[in-house]
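Please look through the structure below before reading on. The paragraphs that follow take up the chains, the DNA and one helix in turn.

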2 protein chains.
Amino acid sequence: MVKECAKVLTLADIARLAGVSESTASRALRDNPVINAATRQKVQQIAADHQFKVNATARSLRTQKSHTIAVIILFDAKTQQTLTDPFLLDILGVIADELTRQGYDMLLSTSKTTDKDWRSYYFDSKRADGLIVIGQGEHDERVLQLADAAVPFVVWGAADSDETYPVIGSDNRQGAKLAVEHLLKQGCKRVAFLGDIRHTEIEMRYLGYQDALSQAGLQLEPKLQLNTDFTAQDAYIKTQQVLFNELSSSAGSLDAIFAASDAIAMGAMKALLEYGVQIPQQLAIVGFDDIAMSAYCTPSLSTVKQDTQAGGKLLVSTLLQRIAGKTVPSAQLPVRLLCRQSSLRLL
Amino acid sequence: MVKECAKVLTLADIARLAGVSESTASRALRDNPVINAATRQKVQQIAADHQFKVNATARSLRTQKSHTIAVIILFDAKTQQTLTDPFLLDILGVIADELTRQGYDMLLSTSKTTDKDWRSYYFDSKRADGLIVIGQGEHDERVLQLADAAVPFVVWGAADSDETYPVIGSDNRQGAKLAVEHLLKQGCKRVAFLGDIRHTEIEMRYLGYQDALSQAGLQLEPKLQLNTDFTAQDAYIKTQQVLFNELSSSAGSLDAIFAASDAIAMGAMKALLEYGVQIPQQLAIVGFDDIAMSAYCTPSLSTVKQDTQAGGKLLVSTLLQRIAGKTVPSAQLPVRLLCRQSSLRLL
DNA sequence: AACCCTATTGCAATCGATTGCAAACTATCC
DNA sequence: GGATAGTTTGCAATCGATTGCAATAGGGTT
């Protein structure tokens with residue numbers, strides 16, 4: 001059903017129509033002040049009339065800039081689905097908007113698809129001028145490999161110690177500490193931690209969890225930390241398998257959960273509610289991220305809100321500065337604890 | 001911190017290193033059988049050793065193919081956020097994987113960013129070989145505009161009557177009918193419909209809702225249809241503002257809701273639960289999509305599951321066939337009703 | 001030995017836009 | 001009038017890979 005239609009015009013066509021050379025046409029369209037104002041207007045008018053669009057490919061080849069950023073979303077190899085966590089969608093949207101605002105296109109890929117070598121695929125091949133990597137996970141080798149090459153990139157995650165590349169992320173440790181302090185303030189004594197500490201971000205949250213416990217003089221129980229995937233499903237299963245036993249053990253009853261993501265929290269909460277546990281009276285729970293659904297589940301989920309708006313913008317601006325050759329430091333964004341029904345006992 | 005590193009090699013470099021001409025090198029790398037096997041091997045070996053990657057820009061310019069597909073996500077102009085619905089993430093992930101599998105890159109954009117003219121921006125400028133438009137919404141003008149041009153594209157949505165372009169989507173009408181039939185079978189008499197019927201897909205769901213009602217000999221009450229955004233928040237508010245009044249009206253009590261998306265359903269459910277309504281005993285509710293959270297909210301949400309896996313793959317294969325010049329028909333994917341706690345009264 | 005055929009390889013043009021440098025033209029001033 | 005400065009414009013090279021066509025070499029045949 002595709003209609004045959006006139007061939008797409010090239011710069012040469014526009015130049016001919018305007019009666020000028022290609023160089024003049026090119027400069028006119030790019031608002032080069034060296035071109036006479038009248039000529040410029042005329043060329044632009046003709047280009048607009050014919051809906052002329054510069055061939056992005058040719059321009060990229062000549063200028064050696066693609067004006068495209070590749071966004072790579074890492075995910076857990078175990079999880080079947082590629083994009084699962086709503087949190088990703090959130091930050092992805094912000095990045096997309098911000099890149100467009102800055103005149104860049106966004107090439108999206110999931111790690112499954114490009115196991116090989118990001119540098120050669122995206123950068124050497126000139127598909128992208130820079131990379132944004134979301135999530136560090138256990139895939140650090142590939143990120144480190146990038147760092148060794150002269151590829152401009154930024155990571156969303158947790159700054160480890162002294163990376164040679166900029167990492168943007170929330171203050172995970174502080175956020176976790178706030179969450180657990182809040183749980184303790186609600187009278188909880190035994191708090192489980194749900195999340196895979198092999199991911200750097202989650203490890204930081206675990207540290208914040210520890211901070212709060214030790215500050216309150218509580219003993220750390222390693223068996224209360226479960227490596228769960230970032231899915232409600234896995235949290236649901238692990239909760240049933242492991243935590244039910246802890247609800248009333250010799251060590252006292254489990255009376256709180258701090259989950260490393262809202263999806264995890266919701267899975268755990270589901271299992272507990274089905275089991276007849278009263279939330280928050282018998283067990284209080286706090287998640288992390290503040291995805292849209294958190295406020296609308298029942299009971300609504302207390303959580304540590306990540307500022308995706310600020311995060312996405314900072315990722316983009318950091319990357320663009322790096323592309324411009326500047327050295328930009330890592331940054332941690334402040335987080336905020338949102339207390340909702342799942343953890344508020346004192347009303 | 002970017003280390004200075006050797007300039008990226010070009011095909012000419014590889015050719016020189018292998019002692020052959022550029023043409024031979026090019027052909028060797030593309031596995032052209034006309035090249036002597038030994039030569040081919042040698043060139044490929046050298047290229048691999050030096051981690052040579054063909055410059056995608058130059059190749060695109062020469063071959064006039066970008067091997068890139070632009071995915072455009074439409075969204076409601078009223079909603080602030082760009083990417084809100086988890087369902088989008090779902091299908092987006094499938095499309096991303098499938099495109100990669102087929103050797104295509106994916107350029108992602110949200111409609112906010114490219115209000116202007118998709119054809120000239122993506123296609124005429126040679127940024128993409130084709131377009132996938134997700135969601136028709138109220139933005140039909142732009143889609144129609146595409147159809148008039150010779151641009152290969154596919155739409156995820158609902159086939160209207162006789163479009164000149166392929167539309168892939170779920171069997172929305174049938175899905176809605178199944179959902180409402182189920183509600184009626186549970187003994188419900190007055191069913192509200194939450195969703196904005198100005199979107200074609202939702203309109204189809206509304207038709208299915210009507211089908212089920214009239215088949216059961218029930219009167220359609222137009223005031224029970226509310227145009228809600230695709231967010232839990234808007235559904236929450238609208239439910240409070242409008243539906244509370246209907247819980248016990250002269251027309252009988254509202255005892256069921258069919259929501260056009262799971263997010264909407266969850267927002268409505270939250271409002272009702274807060275108001276003290278028993279779900280499903282007093283009011284049963286069914287959503288649409290089957291997003292990951294639906295199974296993990298409380299009560300778990302009955303819903304009409306869309307087959308995103310099949311949908312994403314079909315979108316991609318349809319588009320690629322179109323790019324190859326074939327005419328491909330629209331298609332409707334079967335849906336499945338998942339009965340969970342929010343609607344099951346008879347246990 | 002002459003000739004033909006096939007298997008390889010290379011030359012050179014091409015994709016479309018950008019840009020350094022030189023040319024052309026106008027204006028100004030002595 | 002002519003020289004100089006300033007403003008516009010165009011020529012031609014360039015970005016890197018692909019490909020039609022011609023050229024070459026080697027093998028086989030009569």
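Which residue of chain A comes closest to the rotation axis? Of the residues of chain A, it is Leu107(A), whose C-alpha lies at 2.3 Å from that axis. This is a predicted model, in which local features need pLDDT of at least 70 and side-chain atom pairs count only at pLDDT 80 or more, while totals for chains, interfaces and linings use all residues. Residues are numbered from 1 along each chain as its sequence is written, chains are lettered from A and ligands numbered from 1 in the order in which they are written, and side-chain values use heavy atoms, with hydrogens and water left out.

A turn of 180° with a shift of 0.0 Å along the axis lays chain A on chain B with an RMSD of 0.1 Å, the copies being superposed by least squares on the C-alpha atoms of residues with pLDDT of at least 70 in both. The two copies are therefore related as by a two-fold rotation axis. Both copies use the same surface, since 100% of the contact residues of chain A recur in chain B, where contact means heavy atoms within 4.5 Å.

DNA strand C is surrounded by 27 residues, and the closest are Leu11(A), Arg59(A), Arg62(A), Arg27(B) and Gln64(B); a residue is near a strand if one of its heavy atoms lies within 4 Å of it. Of the atoms of DNA strand C that come within 4 Å of the protein, 61% belong to sugar and phosphate. Polar contacts are pairs of N or O atoms within 3.5 Å; within protein, one must be able to donate a hydrogen and the other to accept it, and residues adjacent in sequence count only if both atoms are side-chain atoms. A polar backbone atom of Leu11(A) is 2.2 Å from a phosphate oxygen of DNA strand C, and a backbone N or O atom of Ser21(B) lies 2.9 Å from a phosphate oxygen of this strand. A base oxygen, by contrast, is 3.1 Å from an N or O atom in the side chain of Arg27(A).

Among the elements that give two or more residues to the surface near DNA strand C is α4 (56-63) of chain A, helices being DSSP runs (H or I, at least four residues) numbered from the N terminus. Its buried residues (under 20% relative accessible area, 1.4 Å probe, protein chains only) are Ala56(A), Thr57(A) and Ser60(A). Because they cover an arc of only 100° around the axis, they lie on the same side of α4(A), and they pack against α4 of chain B.

Technical notes
Buried means under 20% relative accessible area, exposed over 50%, partly exposed in between (1.4 Å probe, protein chains only). The arc is that of the directions from the helix axis to the C-beta atoms.
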